[in-house]
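Work through these exercises with the sequence and the model side by side. Try each task before reading its solution.

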Amino acid sequence: VHRHLPLDMACQPVLRRPFHDRACLFSEAAECAGLQGRFWEMNDALFSIQETVKTNNVDPVELAVRLGLNRSEFKRCLESHATGGRVAQDLQEAMARRLTGTPSFLLGEQVFLGRIPEADLQRWLSGAP
């Protein structure tokens, strides 16, 4: 299950300095795309495009159109922050679990920061304690 943890002062006022500019907007954009059944496509596109394009030059609406989403619905969702509550809920859960960065993984109640060691993953998948 994917959960958002945008390290952006726009939706995380507890941050003391900027980390990922526009990450809150991009999290909401992925959720807006999800309302049209395209969450993973938008999520993957946003992550991959940031490798070559500065975040200030990424237009989520343009990206949505390229992914075949309904432009009007997507833009209305994004401008109204219709999915902001979903992102805020993920942030609250991350704070409650004291997650400080991404990626973070949870197996049961055990937290793994960065990656899950293969031995731990195999043990968990096999049902061993």
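The exercises below go from the whole chain to single residues.

This is a predicted model, in which local features need pLDDT of at least 70 and side-chain atom pairs count only at pLDDT 80 or more, while totals for chains, interfaces and linings use all residues. Residues are numbered from 1 along each chain as its sequence is written, and side-chain values use heavy atoms, with hydrogens and water left out.

**Exercise 1. The whole chain**

Task: Find how many helices and strands the chain has, and in what pattern they follow.

Solution.
- Step 1. Count the elements: there are six helices and two strands. Both kinds are DSSP runs, numbered from the N terminus: helices are H or I with at least four residues, strands are E with at least two.
- Step 2. Read along the sequence: the pattern is α-α-α-α-α-β-β-α.
- Step 3. Take the box along the principal axes: the C-alpha atoms fill roughly 50 × 35 × 30 Å.
- Step 4. Check burial: 36% of the 129 residues count as buried. Buried means under 20% relative accessible area, exposed over 50%, and partly exposed in between (1.4 Å probe, protein chains only).
- Step 5. Look at contacts, meaning heavy atoms within 4.5 Å. Among those between residues at least 6 apart in sequence, 50% join residues at least 24 apart.

**Exercise 2. The two sides of α4**

Task: Decide which residues of helix α4 are buried and which elements help to cover them.

Solution.
- Step 1. Locate α4 at residues 71–80; F74, C77 and L78 are buried there.
- Step 2. Look down the axis: the buried residues fall within an arc of 95 degrees, so they line one face of the helix. The arc is that of the directions from the helix axis to the C-beta atoms.
- Step 3. Turn to the other side, where R76 and E79 are exposed.
- Step 4. Find the cover: α1, α2 and α3 (60–66) are included in it.
- Step 5. Go to the start of α4. A side-chain oxygen of N70 reaches to within 3.1 Å of the backbone nitrogen of S72.

**Exercise 3. From α4 to α5**

Task: Compare H81 and T83: is each buried or partly exposed?

Solution.
- Step 1. Place them: H81 lies in the loop between α4 and α5, and T83 is found in that loop too.
- Step 2. Read the accessibility. H81 is partly exposed, with a relative accessible area of 49%. T83 has 6% and therefore counts as buried.
- Step 3. List the contacts of T83, leaving aside neighbours within four places in sequence: E28, E31, C32, L35 and C77.

**Exercise 4. Unusual backbone**

Task: Find where R22 and P103 lie, and what sets their backbone apart.

Solution.
- Step 1. Recall the background: most residues other than glycine have a negative phi, and most peptide bonds are trans.
- Step 2. R22 is in the segment before α1. Its phi is near 75 degrees, a positive value in a residue other than glycine.
- Step 3. H81 also has a positive phi, about 55 degrees, although it is not a glycine.
- Step 4. P103 lies in the loop between α5 and β1. The peptide bond from T102 to P103 is cis, with omega near -10 degrees.

**Exercise 5. H4 and its surroundings**

Task: Find which residues H4 touches, and which of them it joins through a polar contact of side chains.

Solution.
- Step 1. Place H4 in the segment before α1. It counts as buried because its relative accessibility is 4%.
- Step 2. Leave out residues up to four places away in sequence. H4 then touches S27, A30, E31, F39, V87, D90 and L91.
- Step 3. Pick the polar contact: 3.3 Å joins the side chains of H4 and S27. Such a contact is a pair of N or O atoms within 3.5 Å; within protein, one must be able to donate a hydrogen and the other to accept it, and residues adjacent in sequence count only if both atoms are side-chain atoms.

**Exercise 6. Two more residues**

Task: Decide whether I49 and G127 are buried or exposed.

Solution.
- Step 1. I49 is in helix α2. With a relative accessible area of 19%, I49 is buried.
- Step 2. Leaving aside neighbours within four places in sequence, I49 is in contact with V58 and R66.
- Step 3. G127 lies in the segment after α6 (118–126). At 61% relative accessibility, G127 counts as exposed.
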